[in-house]
Amino acid sequence: TSAAIEAAAVVSLDGQLRAAHLSGSLDRDRLAEVTSALAAAADQAGRSLNRGRLDQMILLGTEGLVFLVAAGPHNLLVAVGRKPRSTGLHGPGRAT
């Protein structure tokens with residue numbers, strides 16, 4: 001639900017915040033910085049493993065999630081959410 005989304009933003013690959021809607025205590029500059037760093041690491045991993053460029057990424061943490069998706073060749077859409085009751089994903093320590 002939209003109530004579970006704490007932040008949504010468009011961030012350039014070099015970390016420039018293009019647009020954002022944040023609630024709570026999330027810092028705009030920090031969100032842009034972390035988004036750019038995550039994208040760079042994921043893109044490097046994909047290239048190193050011959051999987052291509054980053055298209056989308058989901059980071060499931062113990063307290064919530066971060067979703068990144070490529071938004072054209074130079075930007076990313078990022079959404080930060082609270083911990084979902086059920087992700088529907090299977091894995092170690094994950095309830096479905």
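**Salt bridges, sheet and helix in a predicted model**

At 48% relative accessibility, Arg-30 counts as partly exposed. The structure is a predicted model, and Arg-30 is a convenient place to enter it. Arg-30 forms a salt bridge with Glu-33, with 2.4 Å between the closest N and O atoms. Both residues belong to helix α1, where they lie 3 residues apart, about one turn of the helix. Glu-33 is also partly exposed, its relative accessible area being 47%. Side chains of opposite charge can pair when their charged atoms come close.

How many salt bridges does a search of the whole structure find? The number is 3. Another of them joins Arg-47 to Asp-43, and here the closest N and O atoms are 2.9 Å apart. Arg-47 and Asp-43 are 4 residues apart in helix α1, so about one helical turn separates them. Arg-47 is partly exposed at 43% relative accessible area. Asp-43 has a relative accessible area of 15%; because buried means under 20%, this residue counts as buried.

Asp-43 has a further salt bridge, to Arg-53, with the closest N and O atoms 3.9 Å apart. This pair links distant parts of the chain: Asp-43 sits in helix α1, while Arg-53 sits in the loop between α1 and β3, 10 residues away. Arg-53 is exposed, with a relative accessible area of 52%. Through shared partners, the salt bridges join Asp-43, Arg-47 and Arg-53 into one network.

Helix α1 spans residues 28–48, and Thr-35 is found in it. Is Thr-35 buried or exposed? Thr-35 is buried, with a relative accessible area of 2%. Leaving aside residues up to four places away in sequence, Thr-35 touches Val-11, Leu-68, Leu-76 and Val-78. Of these contacts, Val-11 leads to the sheet, since the bridge partner of Val-11 in β2 is Leu-17.

The sheet is open and consists of 5 strands in the order β2-β1-β5-β4-β3, with antiparallel pairing. Which strands stand at the edges? They are β2 (17–22) and β3 (56–60); each has a single partner strand, so one side of each is left without a neighbour in the sheet. On average, neighbouring strands of this sheet are turned by 10° against each other, direction ignored. In a regular strand the side chains alternate between the two faces of the sheet.

The pairings can be followed from one edge to the other. Strand β1, residues 5–12, pairs with β2 in the antiparallel sense over 5 bridges. At the other edge, β3 and strand β4 (residues 64–70) are antiparallel and share 5 bridges. These two strands form a hairpin with 3 residues between them. Within this pair, Gln-56 stands opposite Val-69 in β4.

Val-69 also has a partner in the next strand, as it stands opposite Leu-77 in β5. Strand β5 covers residues 75–82, runs antiparallel to β4 and is joined to it by 7 bridges. The hairpin of β4 and β5 has 4 residues between the strands, and in it Gly-72 takes a positive phi near 90°.

Key: Residues numbered from 1 in each chain as written. Predicted model: local features only at pLDDT ≥ 70, side-chain atom pairs only at ≥ 80, totals over all residues. Heavy atoms only, no water. Buried < 20%, exposed > 50% of the residue type's maximum accessible area, 1.4 Å probe, protein only. Contact = heavy atoms within 4.5 Å. Pairing = 2+ DSSP bridges. Axes fitted to C-alpha atoms, helices over the stretch in contact; angles between N-to-C directions. Salt bridge = Lys/Arg side-chain N within 4 Å of Asp/Glu carboxyl O.
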